[in-house]
Amino acid sequence: MTVQELGEKAAQGGAVSKEEALFLARAGLKELCRTANEIRKTVCGDAFDLCSIINGKSGKCPEDCKFCAQSGHYQTGAEFYGLLEEGEILAAAQKNRDGGAGRFSIVTSGKRLTDEEVGKLCKVYRRIKKECGISLCASHGLLTRRQFGMLRDAGVSRYHNNLETSRGYFPRICTTHSYDDKLAAIRAAQAAGFEVCSGGIIGMGESMEDRIDMALTLRKLGIRSVPLNILNPVKGTPLGGRAVLREGEAERTATVFRFLLPDAQIRLAGGRINLTDRGRRMLGAGINAAITGDMLTTAGITMESDRKMLRECGFRMDMRE
C-alpha cells in the first residue's frame, strides 16, 4: 500500500499493521505529515485537548527509571517534599482552569501511595471538583483496586500510567518494576471505571520498532489519550548524556502513532521545551492534544503561548469531560 492508501485505511477504521507501520516509518516526512493530519481531521476534527499537571509529591522515588530526575538512585538535585498542602493544590487547579486547561492532574513520585495518602488526595480531588469544575486526572503509580475505587468515588475520571516504551526495551529503562506491573495497573484502573492516559518517552535509545510496538500495545489496551514525551536528558541520570532527539524524528514518530491510533488524543508532553518552535511543527504531524504549563521538574510552555499557537494553527480548545 501507499502512504495515502494507508491513511485512508486508518481514517475508515482499518487497523494498520506493524509491517505497514514500519513501511510508514521509512516514507517521506512531508507526505507522512500531510496524511497523518488528514487522518486527524477526518477522525477527530479540529478539537484540541489541553491538560495540566502539578508535582504533588516530589523526589526520592525508590524506582530506578533511567530517565527520571526524581529517582532516589541518582544524584540530580531534584527537589524533595511530601504531599503538597490542600490549599496549594486547589489554587493551582483554579489557576490552570482559568488559563484554559480542560483537565488537571496531580502527579506523585514513588511506586505507589499509601491508603492514608490516597485518602488525603481524595479530599483535595473532591474540593477541586466542587470548587473548580475542571475534569480530573490522577497519576499515583501502581495502586491497588481499592485505591482506584477511592479515587473514582472522589470524582477522578482519568488515570495516568505511562508504559514508557516497548516491552522489549523496558528492562533497559527500569528494573525495579516490570512491564506486566504496568499493564496490571492499567487494567485495574480500567476495571474501576477510569479512562486511562498512557504513552511513553521517545529518544531514550529505543528503535522505531520499539515505538511502534508500544503504540500497538496501547491500541490493544484501548487507550485514547497518549502522551508523547521527548526525552529531556537530566544530568545525573543514566540517560543524562544522550543527545536530544532530532525534531524530524519526533514528527515522524507522531505521524506513525496517528496512523496506528487514529481516534486518540496524541498528546505533546514533556521535552517539547527543547523543540525550536515549541511544538508548532508537531501540530502538523497528527497531534491533537498537549500538556500545557510546567512539567514535573522542568519548565514547560505557558498556557497563554499554547492557546495563541493553537488558535493560529486552526484548532479549537476542547473543554468537554
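Residues with under 20% relative accessible area are called buried and those over 50% exposed, while partly exposed covers the range in between (1.4 Å probe, protein chains only). The model is predicted, so local features need pLDDT of at least 70 and side-chain atom pairs count only at pLDDT 80 or more, whereas totals for chains, interfaces and linings use all residues. Numbering starts from 1 along each chain as its sequence is written, and side-chain values use heavy atoms, with hydrogens and water left out.

**View A. Salt bridges between helix H2 and helix H8 at Lys-18.** Helices are DSSP runs of H or I with at least four residues, strands are runs of E with at least two, and both are numbered from the N terminus. A salt bridge requires a side-chain nitrogen of Lys or Arg within 4 Å of a carboxyl oxygen of Asp or Glu. The whole structure holds 23 salt bridges. In one of them, Lys-18 meets Glu-209 with an N to O distance of 2.8 Å. Lys-18 belongs to helix H2 and Glu-209 to helix H8, and 191 residues separate these distant parts of the chain. Lys-18 also forms a salt bridge with Asp-213, where the closest N and O atoms are 3.0 Å apart. Because Asp-213 lies in H8 and Lys-18 in H2, this pair ties together parts that are 195 residues apart in sequence. Lys-18, Glu-209 and Asp-213 are thus linked in a network of salt bridges. Each member counts as partly exposed: Lys-18 at 23% relative accessibility, Glu-209 at 37% and Asp-213 at 24%.

**View B. Helix H8 and its surroundings.** H8 runs over residues 208-221, which makes 14 residues. From its first C-alpha to its last, H8 reaches 20 Å, close to the 20 Å expected at 1.5 Å a residue; the expected span is 1.5 Å times one less than the number of residues. The buried residues of H8 are Met-208, Asp-210, Arg-211, Ile-212, Met-214, Ala-215, Leu-216, Leu-218 and Leu-221. Their cover includes helix H2 (18-24), helix H7 (179-191), strand E6 (200-202), strand E7 (225-230) and H9. Just after the helix, Gly-222 takes a positive phi of about 75 degrees.

**View C. Arg-252, a buried residue without a salt bridge.** Arg-252 sits in helix H9 (residues 247-260). The nearest side chain of opposite charge is that of Glu-249, 4.6 Å away. For charge, Lys and Arg count as positive and Asp and Glu as negative; His and the chain ends are not counted. Neighbours within four places in sequence aside, Arg-252 is in contact with Leu-24, Ala-25, Arg-26, Ala-27, Leu-29, Leu-32 and Met-208. Contact here means heavy atoms within 4.5 Å.

**View D. Strand E3 between its partners E2 and E4.** Because 5 of the 5 residues of E3 (residues 135-139) are buried, the strand is largely enclosed by the rest of the structure. In a regular strand the side chains alternate between the two faces of the sheet. Ser-135, Cys-137 and Ser-139 point one way from E3, and Leu-136 and Ala-138 point the other way. Strands count as paired if DSSP finds at least two bridges between them. E2 (residues 103-108) runs parallel to E3 and is joined to it by 5 bridges, with Ser-105 opposite Cys-137. The chain passes from E2 through helix H5 (residues 115-131) to E3 in a right-handed β-α-β crossover. Right-handed means that, with the strands pointing away from the viewer, the path from the first strand over the helix to the second runs clockwise. E3 and E4 (residues 158-160) also pair in the parallel sense, over 2 bridges, and Ala-138 has Tyr-159 of E4 as its bridge partner. E3, helix H6 (residues 145-153) and E4 form a right-handed β-α-β unit.

**View E. Positive phi at Glu-164 and Arg-278.** Most residues other than glycine have a negative phi. Glu-164 has a positive phi of about 80 degrees and lies in the loop between E4 and H7. At 10% relative accessibility, Glu-164 counts as buried. Arg-278 has a phi near 60 degrees and is placed in the loop between strand E8 (265-268) and strand E9 (289-291). With a relative accessible area of 34%, Arg-278 is partly exposed.

**View F. Ala-101 in the loop between helix H4 (86-99) and E2.** Ala-101 counts as buried at 0% relative accessibility. Ala-101 and Ser-52 are 49 residues apart in sequence, with 6.2 Å between their C-alpha atoms.
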